[in-house]
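Here is a walk through one protein chain, taken contact by contact. Keep the structure in view while reading.

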Amino acid sequence: MSISHAPPPPDATASGIPDSHGSGPQLLQPIRPLRPHTSRRPRLPRWLRRTTGPLLLLALWQLLSTTGVLTSDTLASPGRIAEVAGDLIADGSLTSAMGTSLRRVALGLLFGTLIGTGLALFSGLFRIGEDLVDAPVQMLRTVPFVGLIPLFIIWFGIGETPKVAIITLGVTFPLYLNVYAGIRGVDSQLVEAGESLGLSRWGLVRHVVLPGALPGALTGLRYSLGIAWLALVFAEQVNADSGIGFLMVQARDFLRTDVIVVCLVVYAFLGLFADFVVRSLERVLLQWRPTFTGR
């Protein structure tokens with residue numbers, strides 16, 4: 001009797017079927033990772049992409065003004081605003097007003113930074129400081145600083161002092177909150193590691209606490225700058241005889257929307273420049289702190 005031989009089983013390595021030893025499927029070729037898809041389209045520079053939105057808004061504004069949807073009494077056209085800005089620069093009124101406003105903001109920012117940072121350090125580093133300082137500051141920061149303008153006029157008169165005091169008050173509280181939160185947000189394990197290395201109390205503050213609180217302090221500074229320009233707008237519209245806010249008050253009395261928009265644009269660019277300065281400081285002072293920058 002002849003014995004028929006069964007055909008050999010298909011090669012497990014070719015079919016991907018587990019072999020008799022249960023070692024799993026064996027592939028003929030190794031798996032190669034797929035190459036990431038790269039677009040061949042040239043990418044626009046980032047500065048160009050960031051300016052696209054404002055340019056489109058400006059073009060829409062000019063289109064609405066040209067077609068008559070926006071009348072000159074409601075809002076002047078961008079061309080008219082550029083012309084008025086050139087006239088104000090030529091006669092020196094805009095540059096003089098900018099110098100006065102910058103001086104007021106600088107003084108208010110200086111005093112507010114010293115007061116807010118000093119209180120935050122005292123309250124954040126010492127428990128007795130928290131008990132004495134934090135509760136009054138939390139109470140005062142809920143009071144609208146704009147509502148204190150009449151009181152400051154009674155106390156300090158109608159000169160430069162109440163204007164600088166309003167800006168100082170607006171800067172102090174945001175900076176205090178962020179510096180205080182930055183100090184109390186330092187990881188306790190880092191403090192314990194510093195103590196185990198033999199650092200003194202001042203060494204811990206200098207090498208551990210203050211560097212850990214620096215990101216929060218710079219964030220508070222950026223926020224305080226925005227509040228400073230907002231406080232300046234209110235301060236310069238009360239018994240002022242110079243500054244950008246004074247130009248706005250005059251323009252309001254004569255229904256000059258073009259001058260008002262010029263002053264608002266100046267406020268916006270000054271605030272943008274101040275924010276750029278602080279962000280540059282962040283890149284320099286926080287090089288040790290890698291962060292996500294978006295994709």
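**Salt bridges, fold and surface charge**

R104 and E236 form a salt bridge, with their closest N and O atoms 2.9 Å apart. R104 lies in helix α4 (residues 93-125), while E236 sits in the loop between α9 (201-235) and α10 (244-253), so the pair ties together parts that are 132 residues apart in sequence. Both R104 and E236 are buried. The model is predicted, so these distances are computed from predicted coordinates.

Now step back to the whole chain. It has 11 helices and 0 strands. Read from the N terminus, the order of elements is α-α-α-α-α-α-α-α-α-α-α. The chain counts 295 residues, and 32% of them are buried. Take the contacts with a separation of 6 or more: 68% of these join residues 24 or more positions apart. The R104–E236 bridge is one link across such a span, at 132 residues. The exposed area of the chain is about 19900 Å², and carbon and sulfur atoms supply 66% of that area.

How many salt bridges does the structure hold? The count is 9. Some of them join up: R80, E83, R256 and D258 are linked in a network of salt bridges.

Start in that network with R80 and E83. Their closest N and O atoms are 3.6 Å apart. Both residues belong to helix α3 (residues 78-90), and because they are 3 residues apart there, about one helical turn separates them. E83 is partly exposed, at a relative accessible area of 45%. R80 is also partly exposed, with 35% relative accessibility.

R80 has another partner. D258 forms a salt bridge with R80, and here the closest N and O atoms are 3.3 Å apart. This pair links distant parts of the chain: D258 is in helix α11, R80 is in helix α3, and their positions lie 178 residues apart in sequence. Is D258 buried or exposed? D258 counts as buried, because its relative accessibility is 6%, and buried means under 20%.

Next, look at T257. This residue is also found in helix α11. T257 has a relative accessibility of 19%, so T257 counts as buried; the cut-off is under 20%. Which residues does T257 touch, leaving aside those up to four places away in sequence? They are S72, D73, T74, L75 and A76.

Helix α11 also leads to the surface. R279 has its place in this helix. R279 is partly exposed, with a relative accessible area of 33%. Patch residues need over 30% relative accessible area and no salt bridge, so R279 passes the accessibility cut-off. R279 gathers with R43, R46, R49, R50 and R283 in a patch of positive charge on the surface.

Which helices each supply at least two residues of the positive patch? They are α2 (46-66) and α11 (257-285). The largest share comes from α2, with 3 residues.

Helix α11 thus recurs in this account. Helix α11 holds T257, and D258 in the same helix pairs with R80 of helix α3. Helix α11 also supplies at least two residues of the positive patch.

How values were computed:
Residues are numbered from 1 along each chain as its sequence is written. This is a predicted model: local features need pLDDT of at least 70, side-chain atom pairs count only at pLDDT 80 or more; totals for chains, interfaces and linings use all residues. Side-chain values use heavy atoms; hydrogens and water are left out. Patches are made of residues with over 30% relative accessible area and no salt bridge: like charges are joined within 9 Å, nonpolar side chains (Val, Leu, Ile, Met, Phe, Trp, Tyr) within 5 Å. Accessible areas come from the Shrake-Rupley method with a 1.4 Å probe; for residues, only the protein chains shown count as cover. A salt bridge is a side-chain nitrogen of Lys or Arg within 4 Å of a carboxyl oxygen of Asp or Glu. Lys and Arg count as positive and Asp and Glu as negative; His and the chain ends are not counted. The place of a charge is taken as NZ of Lys, CZ of Arg, CG of Asp or CD of Glu. Helices (H or I, at least four residues) and strands (E, at least two) are DSSP runs, numbered from the N terminus. Buried means under 20% relative accessible area, exposed over 50%, partly exposed in between (1.4 Å probe, protein chains only). Contact means heavy atoms within 4.5 Å.
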